[in-house]
Amino acid sequence: MKKYEFIMLDIDGTLMDFNACEYFALKKTFIAENLNFNDEIYAVYHKINADLWGQYEKKIIEKSEILKKRFSILSQNMNLRYDPLKVEEIYRHNLSKEHILEKGAMDLLDYLKGKYKLYIVTNGTASNQIKRLHDSKLEGYFEDVFISEVIGCPKPQKEFFESAVSNINGFSKDKCLIIGDSLSSDIKGGINFSIDTMWYNPSHQIKPQDMNITYEVDSLYKIQTIL
């Protein structure tokens with residue numbers, strides 16, 4: 001087993017159950033606006049949001065366009081009547097208060113803390129991510145938090161990681177591992193930056209043949225058996 005010193009961790013879908021956070025934030029938003037809410041609306045929103053974030057990762061659009069477009073597209077697709085910008089504001093406020101952890105997240109951090117230098121790498125909105133880390137009591141585990149909105153470039157772009165590690169004393173690629181659930185941002189980002197990768201894959205997606213992933217786990221507890 002290679003000896004690591006620096007571990008980068010994603011937040012949403014890795015340490016936090018983002019699907020649950022997203023669902024409850026959206027439901028609370030619709031209730032606040034006296035709008036009907038159901039699982040179909042959530043599923044359509046989830047796809048729209050994921051598609052837009054995918055475009056952001058590829059630098060096709062800016063993050064601001066995600067926040068402007070997603071509820072407008074949803075209203076058109078589902079024939080819903082509301083002010084998209086108002087709903088966006090309420091939704092982001094509600095999402096900032098949702099910090100449901102993945103099973104085993106706190107146990108994992110307790111295990112890693114002290115053994116490795118831990119860093120957050122996230123594409124999420126800066127104000128939301130900082131609040132969620134604070135409210136979930138996770139912030140104290142990390143040496144630093146690197147957010148694409150602050151850096152000015154998203155994962156998986158090599159520039160994101162170059163900017164992040166410029167703030168890490170004594171950093172070495174050979175001693176760094178990134179852990180995340182997203183193939184398109186976390187794993188591709190690690191590969192782009194030439195560091196080892198650990199794919200958190202609890203839904204048992206099929207591993208892409210063209211991606212050289214260092215480790216794959218379907219449970220956060222299994223990470224402790226590797227590191």
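## Buried residues and the chain as a whole

A residue is called buried here when its relative accessible area is under 20%, and in this predicted model buried residues make up 50% of the 227 residues in the chain. The secondary structure of the chain comes to 10 helices and 6 strands, and the C-alpha trace spans about 55 × 35 × 35 Å along its principal axes.

For a compact globule of 227 residues the radius of gyration would be near 17 Å, and because the chain has 18 Å, its value agrees with that expectation. Of the contacts in the chain with a separation of 6 or more, 65% are accounted for by residues 24 or more positions apart. The accessible surface of the chain comes to about 11100 Å², and carbon and sulfur atoms hold 48% of that surface.

## Helix α5

In helix α5, which covers residues 105-112, the buried residues are A105, L108, L109 and L112. They lie on the same side of α5, because the arc that they cover around the axis is only 95 degrees.

The cover over these buried residues of α5 includes the strands β1 and β2 as well as the helix α10, residues 220-226. Just after α5 comes G114, which takes a positive phi of about 95 degrees.

## Strand β1 and its partners

Strand β1, one of the elements that cover α5, consists of residues 6-9 and is itself covered on both faces. In a regular strand the side chains alternate between the two faces of the sheet. In β1, F6 and M8 are buried on one side, while I7 and L9 are buried on the other.

β1 runs parallel to strand β2, residues 117-122, and 4 bridges join the two; the bridge partner of F6 in β2 is K117. With strand β4, residues 176-180, β1 also pairs in the parallel sense, over 4 bridges, and here M8 stands opposite I178 of β4.

## Helix α1

Helix α1 has 15 residues, from 18 to 32, and the distance from its first C-alpha to its last is 21 Å, close to the 21 Å expected at 1.5 Å a residue. Its buried residues are F18, A20, C21, E22, A25, L26, T29 and F30.

These buried residues of α1 pack against four helices, namely α2 (39-57), α3 (63-78), α4 (84-95) and α6 (126-135). After α1 follows N34, whose phi is positive and near 55 degrees.

Definitions and conventions. Residues numbered from 1 in each chain as written. Predicted model: local features only at pLDDT ≥ 70, side-chain atom pairs only at ≥ 80, totals over all residues. Heavy atoms only, no water. Expected span 1.5 Å × (residues − 1). Buried < 20%, exposed > 50% of the residue type's maximum accessible area, 1.4 Å probe, protein only. Contact = heavy atoms within 4.5 Å. Pairing = 2+ DSSP bridges. Arc of directions from axis to C-beta. Rg over C-alpha atoms; globule rule 2.2 N^0.38 Å. Areas by Shrake-Rupley, 256 points an atom, 1.4 Å probe, with all protein chains shown as cover.
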